[in-house]
Amino acid sequence: MKIIIVGCGKVGVTLADKLNGENHDIVLIDLNAEKLRAITDSIDVMGVAGNGAVYQTQIEAGIQEADLMIATTNSDELNMLCCLIAKKAGNCHTIARIRNPEYSSEIHYFQEELNLSLAINPELAAANEIAKLLRFPSAIKIDTFAKGRLELLKFRIPERSSLDGMKILEVGQKLRCNVLICVIERGRQVIIPDGNISLQVGDKISFIGSHKDSMDFFRKVGVATNGVQSVLIVGGGRVTYYLARLLQDTKIKLKIIERDLARCQELSELLPEAMIIHGDGSDQQLLLEEGISQADAFASLTGFDEENIMLSLYAATKSNAKLITKVNRIAFEDVIDSLNLGSIIYPKLITADSILQYVRAMQNSLGSNIETLYKIADDQVEALEFRVGKDAPMIGIPLEKLRLKRNLLVAGISRNRKSIMPRGKDTLEPGDSVIIVTANKGLKDLKDILI
C-alpha cells in the first residue's frame, strides 16, 4: 500500500520504519528538510519537505494515489486538518494523533465529523497499560484480547519457584490451572514452546488465560496477586493525568511529584483525589520523605528518559515497589531490558502497534479481520486476534489436523463470551475470536497461519 506520514517525530519515524519493514510504499512529509534527509538516508522511504496541511504538498507526496494518510505532528489541530484535506484530495483512509486531554471526550465526534478512520492518543494508551499493571503488579506486561475476556501476561520466574524444571505439558496437570504458556524469553533467546520444553528460573514467560484463570495460576505458583494500594508518581504530564483519571474510581492512593508550580496548581484542580507535591522528583531526600520505601508502586513518568531510568534504579534500591518506567526516545532496548526497571512503557511503540493492526486489517481479504495486535519479546513475536469470517478455510477442522506454520500457536478462542484454551480436538467456527502467537512476521489474514 502507499502510505503518507506527516511528521517526523518519535511516532512518525517509528511508524515509517515498521511499515517500511512490511513492504509498504512510504512517503514522509515534514517541514524540516534536514531531518527528512537524515531519515531517508537511514530508512528506504521517500521524503517531501513542506507543510502537510497544504494541499499542494499533499499532491506532491502523491495523496491522489495513497491508500492511507497518518498525521503524527505535535499539533492535534494540524493533524486533523491534514486528514481533512487528505480525505478531500485523495479519498484515502486517515489516522490522526490527538493527544490533548480537552479533546479526549470528543474523539468519537471528531472521527465522525472528519471521517477519520482512527484517532490515536499515545499518552492515554500508555496510561491504560499502566492501569492494567497496577491491577496485576506481579506481571511485567499485560495485553488484553476478546474485549478483555482473555489476557496475555508476562512475568519472570523467581528463585525457588515450583515452575523451575517443570515441563510445559506438566503445568496444567500438576497445577490444575487453565492457562497456556505461549512464549519463553531466556536471555536473548525467544522460544515458541512445545510441551516438552522445561521452564527455568529467570525465564520471562508469557501466558494466556481468562482473568480468573490467570489469578489462579499466579496463586498456585506462589506469586502475589494483590493489586496496589498506593502509587508514588514522579512527573505530572499527560500520561499521569490520564492515569489518575482512570484510577479515580478505585481505592488506590496517588501521590504525584511535579517540579512546575503552575502544573501542580492545574493538577490539584483537575485531580482533587490525588495528592500533588511541588518538588524535584530527582531529589532523593524528597522521595524518602514522601514514602518511596512504603509505596506499593513507583512510576517514573517525566518527559526525560534518562531521569526516568535513574529514578527507577534508585527506587529499586529503596523499595520492593512495583516499578513502572516510561521510555520515549532512547532506542537501546537490549540495554534497557537488562536493567531493573520493572515494567517499561513505550508510548510510541504502543501507538505504532495500533496503527500496524489497522494497516494489516486494510489488507485483509477473507473478512477474518485483525481485531488486536501486540508486539512482544522485543518485537520478535506477535500476538494477534482475528475474527473468524464465514469463508475462512479452516472452519470446522480440528486444530490437530491443520497444517500450521512453524513457530505458531493457536493460543486462545473466545466464542459466545466463553473463553476456550484450545486443545487438538477444538475447532474454529464463524464469529469466533482466535488469538495467534507467532514468530512469523506480517500476518494479515487468518489464512496466513496455514502452510
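In which order do the strands of the open sheet of five strands stand? This tour of a predicted model comes to that sheet after a view of the whole.

**The whole protein**

Begin with everything displayed. The protein has 451 residues, and 55% of them count as buried. Its secondary structure consists of 15 helices and 22 strands. Along the principal axes, the C-alpha trace spans about 65 × 60 × 40 Å. A compact globule of 451 residues would have a radius of gyration near 22 Å; the value for this protein is 23 Å, which agrees. Among contacts with a separation of 6 or more, 61% are accounted for by residues 24 or more positions apart.

**The open sheet**

Select β18, β19, β20, β21 and β22. Across the open sheet the order is β18-β19-β22-β20-β21, and the pairing is antiparallel. Strands β18 (370-376) and β21 (418-420) stand at the edges; each has a single partner strand, so one side of each lacks a neighbour in the sheet. On average, neighbouring strands here are turned by 15° against each other, direction ignored. Strands of a sheet pair through backbone hydrogen bonds, in either a parallel or an antiparallel way.

Next, keep β19 (residues 381-387) and β22 (residues 433-438) on display. Six bridges join these two strands in the antiparallel sense. To view one bridge, select Ala 383, whose partner in β22 is Val 437.

Now add helix α15 (residues 347-362). Helix α15 lies across β18 and β19, and runs at about 135° to β18.

**Ile 413 and Asn 416**

Move to strand β20 (residues 408-415) and select Ile 413, which belongs to it. Is Ile 413 buried or exposed? Its relative accessibility is 0%, so Ile 413 counts as buried. Beyond its neighbours within four places in sequence, Ile 413 is in contact with several residues, including Leu 150, Ile 420, Leu 428 and Val 434. For a sense of distance, select Ser 105 as well: Ser 105 and Ile 413 are 308 residues apart in sequence and 32 Å apart in space, C-alpha to C-alpha.

Continue to Asn 416, in the loop between β20 and β21. Asn 416 has a positive phi, near 50°, although the residue is not glycine. With a relative accessible area of 74%, Asn 416 is exposed.

**The hairpin of β7 and β8**

Select β7 (residues 141-145), a mostly covered strand in which four of the five residues are buried. Strand β8 (residues 150-156) runs antiparallel to β7 and is joined to it by five bridges. Within this pair, Leu 153 in β8 stands opposite Ile 142.

Where is the turn? The two strands form a hairpin with four residues between them, and Ala 146 in the turn has a positive phi of about 50°. Lys 147 is found in the loop between β7 and β8, and its phi is also positive, near 55°. The side chain and backbone of Lys 147 may be shown together: this residue is exposed, with a relative accessible area of 71%.

**Two helices**

Select helix α7 (residues 122-135). At 1.5 Å a residue, its 14 residues should span 20 Å, and its end C-alpha atoms are indeed 20 Å apart. Ten of the 14 residues are buried, so the cut-off of under 20% relative accessible area is met by each of these ten. Among them are Pro 122, Ala 126, Ile 130 and Leu 134. At the start of α7, a side-chain oxygen of Asn 121 reaches to within 3.2 Å of the backbone nitrogen of Glu 123.

Turn next to helix α9 (residues 211-220), whose buried residues are Asp 213, Ser 214, Met 215, Phe 217 and Phe 218. These buried residues pack against β8, α8 (168-175) and β11 (204-209). After α9 comes Gly 222, which has a positive phi near 80°.

**Last stop: His 24**

Finally, select His 24, in the loop between α1 (10-21) and β2 (25-30). His 24 has a relative accessible area of 5% and is buried. Which backbone atom does its side chain reach at 3.3 Å? The side chain of His 24 reaches the backbone nitrogen of Met 1. Apart from neighbours within four places in sequence, His 24 is in contact with Met 1, Ile 3, Leu 19, Val 359 and Gln 363.

Notes
Residues numbered from 1 in each chain as written. Predicted model: local features only at pLDDT ≥ 70, side-chain atom pairs only at ≥ 80, totals over all residues. Heavy atoms only, no water. Buried < 20%, exposed > 50% of the residue type's maximum accessible area, 1.4 Å probe, protein only. Pairing = 2+ DSSP bridges. Axes fitted to C-alpha atoms, helices over the stretch in contact; angles between N-to-C directions. Contact = heavy atoms within 4.5 Å. Expected span 1.5 Å × (residues − 1). Polar contact = N/O pair within 3.5 Å; in protein donor to acceptor, adjacent residues only side chain to side chain. Rg over C-alpha atoms; globule rule 2.2 N^0.38 Å.
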